[in-house]
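Here are my notes for a colleague new to this entry. Please keep the sequence and the model open while reading.

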Amino acid sequence: MWSDMIGNTVGLVALALGWRRSIWTWPAQFLSGVILVAAYASAQLSGGVGKQLLVIGVALWGWRQWTRGRQQAQDGSIAIRFASWKERWILLAGTAVGTLAVGALFTAVPSLSWNPWPDAYIFVGTLAAMVAQARGLVEFWFAWLLVDVVGVPLAFSSGLAFSGLVYVVYLALVLWGMRDWWLRSRAAASQPVMEGAPA
């Protein structure tokens with residue numbers, strides 16, 4: 001479907017912009033979400049529609065967060081860092097509880113999803129990844145990686161072949177972006193120590 005192809009292509013651009021730490025990643029994610037609502041609706045995947053509506057909402061919030069965070073980085077891009085252990089546990093716990101809650105809802109109301117638990121996993125995992133991205137956390141790449149593991153086979157089995165192929169490309173970008181953000185964060189973390197060291 002054209003909406004599936006165009007929406008996922010825009011989503012691919014959004015991920016690449018995220019890797020580059022460009023604030024334009026959020027308008028691109030917003031546009032991708034709007035287009036993919038039509039794709040999932042036509043495939044009668046209510047869970048996918050709900051996920052994209054969530055993407056639209058979080059994209060607006062992330063855009064606002066990155067507009068603020070950009071002031072913290074000297075090069076004008078978003079300031080990024082590793083999450084604290086407390087933040088990691090909150091993300092993990094929130095994702096686990098959210099997946100159980102959404103999965104139970106999808107199971108109780110079959111019209112929302114024909115494959116409730118994978119849909120719930122992707123739905124909540126996407127939210128966790130975008131929240132972490134909005135906060136400039138390197139861990140958001142790991143969250144996307146875990147979403148892709150389920151998203152690839154689910155897209156193919158749902159008849160959205162282009163979505164499946166894009167998820168595969170996502171995987172490559174995620175690994176690339178993860179490496180870049182990891183190295184940048186390590187360099188940023190060591191910079192104050194270097195500046196404070198005696199000449």
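1. The largest nonpolar core comes to 32 residues. Bear in mind that the model is predicted. Which residues have the most contacts inside this core? They are L15, M130, W141, W144 and W181.

2. Five elements are listed as giving two or more residues to this core: helix 1 (2-19), helix 3 (46-69), helix 5 (116-134), helix 6 (140-157) and helix 7 (161-196). Helix 6 supplies the largest share, with 8 residues.

3. A second core stands separate and has 5 residues. V102, A120, F123 and V124 are among them.

4. Look next at W141. Set aside its neighbours within four places in sequence. What is W141 still in contact with? The list runs L15, G18, W19, L173, V174, G177, M178 and W181. Two of these names, L15 and W181, also appear among the core residues with the most contacts.

5. W141 also has an aromatic partner, F140. Their ring centres lie 4.4 Å apart, and the planes meet at 40°. The pair is tilted. Are F140 and W141 buried or exposed? Both are buried.

6. The count of aromatic pairs is 3. One of them joins W26 and W66, with ring centres 5.6 Å apart. Why is this pair called edge-to-face? The planes stand at 85°, and edge-to-face applies to angles over 60 degrees, so the label follows.

7. The W26 and W66 pair also spans the sequence. W26 sits in helix 2 (residues 25-42) and W66 in helix 3, so the contact ties together parts 40 residues apart. Both rings belong to buried residues: W26 has a relative accessible area of 0%, and W66 has 1%.

8. Now the charges. How many salt bridges does a search of the whole structure find? The answer is 3. Take E87 as a starting point. Its side chain meets that of R81 in a salt bridge of 2.8 Å, N to O. It meets the side chain of R135 in another, at 3.3 Å, N to O. Through shared partners, R81, E87 and R135 form one network.

9. Where do the two ends of the R135 and E87 pair lie? R135 is in the loop between helix 5 and helix 6, while E87 is in helix 4 (residues 85-108). The bridge links distant parts of the chain, 48 residues apart.

10. Exposure varies within this network. E87 has 17% relative accessibility, and the limit for buried is under 20%, so E87 counts as buried. R81, at 35%, is partly exposed. R135, at 42%, is partly exposed too.

11. The salt bridge between E139 and R88 is 2.8 Å, N to O. E139 is in the loop between helix 5 and helix 6, and R88 is in helix 4. They are 51 residues apart, so this pair too links distant parts of the chain. E139 is buried, with a relative accessible area of 14%. R88, at 23% relative accessibility, is partly exposed.

12. R88 has a further partner to check. What does its charged end sit over? It sits over the ring of W85, 4.5 Å from the centre of that ring.

Methods:
Residues numbered from 1 in each chain as written. Predicted model: local features only at pLDDT ≥ 70, side-chain atom pairs only at ≥ 80, totals over all residues. Heavy atoms only, no water. Core = buried A, V, L, I, M, F, W, Y, C linked by side-chain atoms within 4.5 Å. Buried < 20%, exposed > 50% of the residue type's maximum accessible area, 1.4 Å probe, protein only. Helix = DSSP H or I, 4+ residues; strand = E, 2+ residues; numbered from the N terminus. Contact = heavy atoms within 4.5 Å. Salt bridge = Lys/Arg side-chain N within 4 Å of Asp/Glu carboxyl O. Phe/Tyr/Trp six-rings, centres within 6.5 Å; stacked < 30°, edge-to-face > 60°. Lys NZ or Arg CZ within 6 Å of the ring centre and 35° of its normal.
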